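Me: Please walk me through the model below, one question at a time. I would like each answer to show its reasoning.

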Amino acid sequence: SPFLDLISSFNFNGCEALTAIHFPKRLKGIADSAFENCVLLQDVTFEDESLMLTISTKAFRNCAAIDDLVLPTKLTDIGIYAFSGCTGLTTIVLPATLKTIGHQSFYRCTSLLRIVIPASVTLIEEDAFVGCAGVSFYCQAVRQPMSWDELWNSENRPVTWNYKGAS
């Protein structure tokens, strides 16, 4: 295909001038560390009906300026450390298609206060939200799925199960 369908590993790593990026519909994934350490990156958007399935390991690690994020509606996997160190992140909307949240995906997202975890999530790995001191979880599942790591919420932040409200 003549069109880009994956942002390659380390493609924009450390690009200190990058402040915004809009991902086209046809893009299917963001590879390891693609935007890691883009410290001024604030505006990250995805085209409606995006085909994006995966945000890989450390894809947006240490992008401290990102403040709110609506992930694509077909996304299934968030890799390990994907958003770790995104200290400015206050709001994130996870899609109803999401299945996996990797180890320390949101490590040190210190501004994150609220996150709705869709019922579609079958795996949350250990310490996915460690260092998110003020976060509260609103889980659409009736109870914690057996497949979630027992330390997914290792800091015992507040959890509401069977949540029916808005993302």
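Reply: Gladly! Buried stands for under 20% relative accessible area, exposed for over 50%, and partly exposed for what lies in between (1.4 Å probe, protein chains only). This is a predicted model, in which local features need pLDDT of at least 70 and side-chain atom pairs pLDDT 80 or more, while totals for chains, interfaces and linings use all residues. Numbering starts from 1 along each chain as its sequence is written, and side-chain values use heavy atoms, with hydrogens and water left out.

Me: How many salt bridges does the structure hold?

Reply: The criterion is a side-chain nitrogen of Lys or Arg within 4 Å of a carboxyl oxygen of Asp or Glu. Lys25 and Glu49 form one such pair, at 3.9 Å from N to O. Arg61 and Glu36 form another, at 2.7 Å. The count for the structure is two.

Me: How many residues apart in sequence are the parts that Lys25 and Glu49 tie together?

Reply: Strands here are DSSP runs (E, at least two residues) numbered from the N terminus, and helices are runs of H or I with at least four. Lys25 sits in the loop between β2 (20-23) and β3 (29-30), whereas Glu49 sits in the loop between β4 and β5 (54-55). The salt bridge therefore ties together parts whose separation in residues is 24.

Me: Is Glu49 buried or exposed?

Reply: Its partner Lys25 has 35% relative accessibility and so counts as partly exposed. Glu49 has a relative accessible area of 57%, so its class is exposed.

Me: Is Glu36 buried or exposed?

Reply: Glu36 meets the side chain of Arg61 in a salt bridge. This pair links distant parts of the chain, with Arg61 in the loop between β5 and β6 and Glu36 in the loop between β3 and β4, 25 residues apart. Arg61, at 27% relative accessibility, counts as partly exposed. Glu36 has a relative accessible area of 6%, so its class is buried.

Me: Which are the edge strands of the open sheet?

Reply: Strands pair if DSSP finds at least two bridges between them. Three strands form this sheet in the order β10-β12-β13, with parallel pairing. An edge strand here pairs on one side only, and that description fits β10 (114-117) and β13 (159-160).

Me: How many bridges join β10 to β12?

Reply: The two strands run parallel, with β12 covering residues 136-139. Along this pairing, Arg114 stands opposite Ser136, and Ile115 has Phe137 as its bridge partner. The number of bridges joining β10 to β12 is four.

Me: What is the bridge partner of Tyr138 in β13?

Reply: β12 and β13 run parallel and are joined by two bridges. In β13, the partner of Tyr138 is Thr160.

Me: At what angle do the ring planes of Phe129 and Phe137 lie?

Reply: Rings of Phe, Tyr and Trp (its six-membered ring) pair if their centres lie within 6.5 Å; planes under 30 degrees apart are stacked, over 60 edge-to-face and the rest tilted. By this rule there are 15 aromatic pairs. Phe129 and Phe137 have ring centres 4.8 Å apart and are edge-to-face because their planes lie at 65°.

Me: What is the relative accessible area of Phe137?

Reply: Its ring partner Phe129 is buried, with a relative accessible area of 4%. Phe137 is buried too, and its own value is 1%.

Me: How many residues apart are Phe129 and Trp152?

Reply: Their ring centres are 6.3 Å apart and their planes lie at 85°, so this pair is edge-to-face. Trp152 is buried, with a relative accessible area of 2%. Phe129 belongs to the loop between β11 (123-124) and β12, and Trp152 to the loop between β12 and β13, so the pair links distant parts of the chain, with a separation in residues of 23.

Me: Which Trp residues belong to the cluster linked by ring pairs?

Reply: The Phe members of this cluster include Phe12, Phe23, Phe129 and Phe137. The Trp members are Trp148, Trp152 and Trp161.

Me: What distance separates the C-alpha atoms of Gly131 and Ala65?

Reply: Gly131 is found in the loop between β11 and β12. At 22% relative accessibility, Gly131 counts as partly exposed. Along the chain, Gly131 and Ala65 are 66 residues apart, and their C-alpha atoms are separated by 17 Å.
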